[in-house]
Amino acid sequence: MTGAVTWGLVISSLAVIVARRRSLAILLVAAQSLGLGLYALTQESHTSTALAVTGTVLIAKALVLPALLLLTVRRARKERLIATEIPALGRLAIAVASALAIEQLIPRFGLTSAGVEHAAVGVLALGILTAVVRRAVLFQALGFLIAENGIYLAGLSLPGGLPVFIELGLVFDLVVIVSVAAAFAAKIHEQLGSGDSSLLEALRD
C-alpha cells in the first residue's frame, strides 16, 4: 500500500501543476489527504492512538479545506484564463526538473524506506513549486496543502511518527493559511474579475 500512496501523491501533485480546472485540482489535493489518512489508519507499526489521531486529522482536512475552496470557486465561477501563466507543458517541465534536482540534493534523513524519502521530498518540492509557478491565488493555496502532505508522508514513515501536537499545529496553520487565501482569492476576483495574483503588481497607492 505504501507504494500506491507515494506514487499517488507524486502523480496527483504533478497533475495539479498542469490542471486548468480549479475544481479538479481541489479534488486531487483532497484525494491526497484522504489517501494519507486511510494509510495512517491501516498502519500497524506505530502506536494506535497516534495513528488514529493522524488519520482522523488528515481525513478531516480532506473534507473541510477542499469544501472551503470549492465554495470559493462557486462564488467566482467566471474565471478568465490567465494569459501571463506559463503553459502547462512548461510548468510540468520546470516542476519535474526542479523536484528531481532538489530530491538529489537532500541527504537521507532516517525514514524507513529510501523510496518514501524521495517521494516525500518530491511532493514537498512540488507543492512549493505549485505556489511559485501558478498565478491563481487558489492554486497557490493548494501548493501549500500539497507541501504539507509531503511532510505528513515523511512523518508517517518515521520510526516514531510525528508527535501529535506537531500534527495538530500543522493543520491549524494550514486552516488559517487556506482560509485567508480563499478570502483573498474571492476579493481579488470581485475587484478584478480574475484570481490572477500578478494583477496586484499594477496596483499603486
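## Report on an all-helix predicted model

Under the pairing rule applied here, the number of aromatic pairs comes to zero. The structure is a predicted model. A pair of aromatic rings is described by the distance of the centres and the angle of the planes. One aromatic ring does have a charged group over it: the charged end of Arg134 sits over the ring of Phe139, 3.8 Å from the centre of that ring.

The secondary structure of the chain consists of seven helices and zero strands. Read from the N terminus, the order of elements is therefore α-α-α-α-α-α-α. Of the 205 residues in the chain, 45% are buried.

Helix H2 covers residues 22–42, and its length can be checked by a short calculation. At 1.5 Å a residue, the 21 residues of this helix should span 30 Å, because the expected span is 1.5 Å times one less than the number of residues. The C-alpha atoms at the ends of H2 are 31 Å apart, which agrees.

| Helix H2 | Value |
|---|---|
| Residues in the helix | 21 residues |
| Expected span | 30 Å |
| Distance between end C-alpha atoms | 31 Å |

Several residues of H2 are buried, including Arg22, Ala25, Ile26, Val29, Leu36 and Tyr39. Gln32, Ser33 and Gly37 of this helix are buried too.

The surface also carries a nonpolar patch, formed by Leu124, Ile128, Val132 and Ile151, with about 330 Å² of accessible area together. Helix H5 (residues 114–133) contributes the largest share of this patch, three residues. One of the patch residues in H5 is Ile128.

Conventions
Residues are numbered from 1 along each chain as its sequence is written. This is a predicted model: local features need pLDDT of at least 70, side-chain atom pairs count only at pLDDT 80 or more; totals for chains, interfaces and linings use all residues. Side-chain values use heavy atoms; hydrogens and water are left out. Rings of Phe, Tyr and Trp (its six-membered ring) pair if their centres lie within 6.5 Å; planes under 30 degrees apart count as stacked, over 60 as edge-to-face and the rest as tilted. A charge sits over a ring if NZ of Lys or CZ of Arg is within 6 Å of the ring centre and within 35 degrees of the ring normal. Patches are made of residues with over 30% relative accessible area and no salt bridge: like charges are joined within 9 Å, nonpolar side chains (Val, Leu, Ile, Met, Phe, Trp, Tyr) within 5 Å. Accessible areas come from the Shrake-Rupley method with a 1.4 Å probe; for residues, only the protein chains shown count as cover. A salt bridge is a side-chain nitrogen of Lys or Arg within 4 Å of a carboxyl oxygen of Asp or Glu. Helices (H or I, at least four residues) and strands (E, at least two) are DSSP runs, numbered from the N terminus. Buried means under 20% relative accessible area, exposed over 50%, partly exposed in between (1.4 Å probe, protein chains only).
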